[in-house]
Amino acid sequence: MTFDNRLAAMAALALLLTGCGTGGNEEQSSEGEVSSATVASLLGEAENLSQVSDVLGDVGLQSVFDGNAPYTIFAPTDEVFAALDLQLDGDEMRAARVAMIREHIVPGFLTLQDIETAIDGAEGSVELQTMGTNTLTIRREVDGLLVTSSDGAEAHLVGPAESGVNGTIFPIDALLKDLEPVDQ
């Protein structure tokens, strides 16, 4: 992607984010109406995202996703955590859990339609800055949307996205950041 294309993609995404407020019951995504629940509540109720919900609660971030600020979460499914046999508990891994989950969170309320529109306007891919250190690049593939982290991790969107009053949750089939011990 050339510099001009990247600049155009960033401008298109900035316009999308500017138009995306804290959500509301009138806003709709391609998956259906926006729920009146918060992102934290949607995660807590989701059958296949309990590990992400548990991590957010364990590291003290669940209250953030019960607030008014809008967020988009690319949430690894429970199968991802089970397949990797990750040890998610224990105080010594708390910083690693925070670092890992931040790489799956993007500020702003983005629906699937928002992302697809941005991809179309940016000639094939769009970049989003996470709440951590990575940038996520999203592009269309034959079998759906592929999310690639700036450190090379890849995940596909799986299942329907869910939008609440303060953001959207996109289930994904892999971690975008490994859970590694972090020096505290």
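Phe170 has a relative accessibility of 1% and therefore counts as buried. That residue is a good doorway into this predicted model, and the exercises below start from it.

**Exercise 1. A ring and its partner**

Task: Find out which aromatic ring pairs with Phe170 and how the two rings are arranged.

Solution. Begin with the total: the model has two aromatic pairs. One of them is formed by Phe65 and Tyr71, with 4.9 Å centre to centre and 70° between the planes. Planes over 60 degrees apart count as edge-to-face, and edge-to-face is indeed how this pair is classed. Now turn to Phe170: its partner is Phe74, at 5.3 Å centre to centre, and the planes make 15°. Planes under 30 degrees apart count as stacked, so Phe74 and Phe170 form a stacked pair.

Next, place the two rings along the chain. Phe74 belongs to strand 3 (residues 71-76) and Phe170 to strand 10 (residues 167-172). They are 96 residues apart, so the pair links distant parts of the chain.

**Exercise 2. Buried or exposed?**

Task: Decide whether the other ring residues, Phe65, Tyr71 and Phe74, are buried or exposed.

Solution. The step needs one cut-off: buried means under 20% relative accessible area. Take the residues in turn:

- Phe65, at 3%, is buried.
- Tyr71, at 13%, is buried.
- Phe74, at 0%, is buried.

For the wider setting, 43% of the 184 residues of the chain count as buried.

**Exercise 3. The sheet that holds strands 3 and 10**

Task: Work out which sheet contains strand 3 and strand 10, and which strands stand at its edges.

Solution. Start with the order: four strands form an open sheet that runs 4-3-10-9, and the pairing is mixed. Strand 4 (105-107) and strand 9 (162-164) are at the edges; each has a single partner strand, so one side of each lacks a neighbour in the sheet. From one strand to the next, the twist averages 15°.

Now look at the middle of that order. Strand 3 and strand 10 pair in the parallel sense, over six bridges. Tyr71, met above as a ring partner of Phe65, has Gly167 of strand 10 as its bridge partner.

**Exercise 4. The other sheet**

Task: Describe the sheet that contains strand 5 and strand 6, and say what packs on it.

Solution. This open sheet has four strands in the order 5-6-7-8, with antiparallel pairing. Strand 5 and strand 8 (154-156) are the edge strands, each pairing on one side only. The twist here averages 25° from one strand to the next.

Helix 6 packs on the sheet, where it touches strand 5, strand 6 and strand 7 (144-149). The direction of helix 6 makes about 80° with that of strand 6.

Look more closely at one edge. Strand 5 (residues 125-129) and strand 6 (residues 135-141) pair over five bridges in the antiparallel sense. The two strands form a hairpin, with five residues between them. Along this pairing, Val126 stands opposite Ile138, and Leu128 stands opposite Leu136.

**Exercise 5. One side of a helix**

Task: Which residues of helix 6 (residues 112-121) are buried, and why do they lie on the same side of helix 6?

Solution. The buried residues are Leu112, Asp114, Ile115, Ala118 and Ile119. These residues cover an arc of only 165° around the axis, and that puts them on the same side of helix 6. A general rule helps in reading the pattern: an α-helix has 3.6 residues a turn, so residues three or four places apart point the same way. After helix 6 comes Glu123, with a positive phi near 60°.

**Exercise 6. A loop residue**

Task: Locate Thr38, and list what it touches beyond its neighbours in sequence.

Solution. Thr38 sits in the loop between strand 2 (32-33) and helix 2 (39-45). At a relative accessible area of 13%, Thr38 is buried. Leaving aside residues up to four places away in sequence, Thr38 touches Phe65, Asp66, Val165 and Asn166. Phe65 is also the ring that pairs with Tyr71.

**Exercise 7. The whole chain**

Task: Sum up the chain by its secondary structure, contacts and surface.

Solution. The chain has six helices and 10 strands. Of the contacts with a separation of 6 or more, 66% join residues 24 or more positions apart. The accessible surface is about 9000 Å², and carbon and sulfur atoms account for 49% of that area.

Technical notes
Residues numbered from 1 in each chain as written. Predicted model: local features only at pLDDT ≥ 70, side-chain atom pairs only at ≥ 80, totals over all residues. Heavy atoms only, no water. Phe/Tyr/Trp six-rings, centres within 6.5 Å; stacked < 30°, edge-to-face > 60°. Buried < 20%, exposed > 50% of the residue type's maximum accessible area, 1.4 Å probe, protein only. Pairing = 2+ DSSP bridges. Arc of directions from axis to C-beta. Axes fitted to C-alpha atoms, helices over the stretch in contact; angles between N-to-C directions. Contact = heavy atoms within 4.5 Å. Areas by Shrake-Rupley, 256 points an atom, 1.4 Å probe, with all protein chains shown as cover.
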